[in-house]
Amino acid sequence: MIHSSNRELLAIVLGDEATSLATRSLAELFGLRALRHSTTLGAEQEVHIYAVPDRLLAARELLRRALEEELSESAVGMTSPAEVRDYLRLFLGGQEYESFVALWLDGQNRLIAGIELFRGTTTQTSVYPREVVKAGLKHNACAVILAHNHPSGHPEPSRADELLTSELKNALALVDIRVLDHFIVGDTAVMSFAERGLI
């Protein structure tokens, strides 16, 4: 779903009802600028009927993209922890494997890109500081919010999580990229290292 266009995702959500008016209405609801000027599906385009789980996944991806758009237009960090939490829940929530994600920010703390850097198993993922630094330089980032999920559902940090955060903070400081926070996403809660005084 993550590689589908906004129009394709809307077609999945709406199914047979993917008319231009309904699509435009939903596009406005999700705040997707790219669809506001061109929302009519061509007569030759086949609209498939998808199962309910596919519709839910498509709706979730659209919500994630809408939040990403908001975060790219305003400062991210301690001023908008609720939006960051919502975005990370949509990005990482419900996964059966552990992912490590970086939200790269510009000099005004606006989101440049939210990228999954590493993917692991149900219990762990390997994170390589050198690759994290390379990704930050590639995006010309000034700051970053780190995040990963715990498929077990419990967002409490392990000692290894704390050591990794410290190591990444030191490595990224060498290239003038500030680590603003590290979130752990569980089933029903998202834990912030900054709020716990761990960063």
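**Close-up views of a predicted model**

**View 1. Asn140, a residue with positive phi in a loop.** Asn140 sits in the loop that links H6 and E3. This is a predicted model, like everything shown in these views. The phi angle of Asn140 is near 55°, a positive value in a residue that isn't glycine. For background, most residues other than glycine have a negative phi. Asn140 has a relative accessible area of 63%, so it counts as exposed.

**View 2. Asp176, in the loop between H7 and E4.** Here again phi is positive in a residue other than glycine: for Asp176 the value is near 60°. Is Asp176 buried or exposed? With 65% relative accessibility, Asp176 counts as exposed.

**View 3. Strand E3, covered on both faces.** Zoom in on E3, residues 143–149: seven of its seven residues are buried, so the strand is largely enclosed by the rest of the structure. In a regular strand, side chains alternate between the two faces of the sheet. On one side of E3 you'll find Ala143, Ile145, Ala147 and Asn149, and on the other Val144, Leu146 and His148, all of them buried.

**View 4. The strands that pair with E3, E1 and E4 among them.** Strand E1 (residues 99–105) runs antiparallel to E3, and six bridges join the two. To get your bearings on that pairing, look for Leu103, which stands opposite Ile145 in E3. Strand E4 (residues 178–185) runs parallel to E3, with seven bridges joining them. There, Ala143 stands opposite Arg178 in E4. Bring helix H7 into the picture and you have a right-handed β-α-β unit made of E3, H7 and E4.

**View 5. The second largest pocket, with a volume of about 190 Å³.** Which residues come closest to the centre of this pocket? Of the 14 that line it, they are Glu98, Gln124, Thr125, Ala160 and Asp161. Helix H7 (residues 159–173) gives the largest share of the lining, three residues. Sorted by type, the lining has eight polar, four nonpolar and two charged residues.

**View 6. Glu156 and Arg196, a salt bridge between two parts of the chain.** The closest N and O atoms of Glu156 and Arg196 are 2.8 Å apart. Glu156 lies in the loop between E3 and H7, while Arg196 belongs to helix H8 (residues 193–196), so this pair ties together parts that are 40 residues apart in sequence. Glu156 is partly exposed, at 46% relative accessible area. Arg196 also counts as partly exposed, at 43%.

**View 7. Lys134 and Glu131, a salt bridge in helix H6.** How far apart are these two partners along the helix? They are three residues apart in H6 (residues 129–138), which means about one helical turn separates them. Their side chains meet with an N to O distance of 3.7 Å. Lys134 is partly exposed, with a relative accessible area of 44%, and Glu131 is partly exposed too, with 33%.

**View 8. Arg119 and Glu116, another of the seven salt bridges in the structure.** Side chains of opposite charge can pair when their charged atoms come close. The side chains of Arg119 and Glu116 meet at 3.1 Å, N to O. Arg119 has 53% relative accessibility and therefore counts as exposed, the cut-off being over 50%. Glu116, at 28%, counts as partly exposed.

Terms used. Residues numbered from 1 in each chain as written. Predicted model: local features only at pLDDT ≥ 70, side-chain atom pairs only at ≥ 80, totals over all residues. Heavy atoms only, no water. 1 Å grid on protein atoms, 1.4 Å probe; cavity = no way out; pocket = protein on both sides within 12 Å on 5 of 7 lines; lining within 4 Å. Points joined across faces, edges and corners; volume = space filled by probe spheres on them. Helix = DSSP H or I, 4+ residues; strand = E, 2+ residues; numbered from the N terminus. Nonpolar A, V, L, I, M, F, W, Y, C, P; charged D, E, K, R; others polar. Buried < 20%, exposed > 50% of the residue type's maximum accessible area, 1.4 Å probe, protein only. Pairing = 2+ DSSP bridges. Right-handed = clockwise from strand over helix to strand, strands pointing away. Salt bridge = Lys/Arg side-chain N within 4 Å of Asp/Glu carboxyl O.
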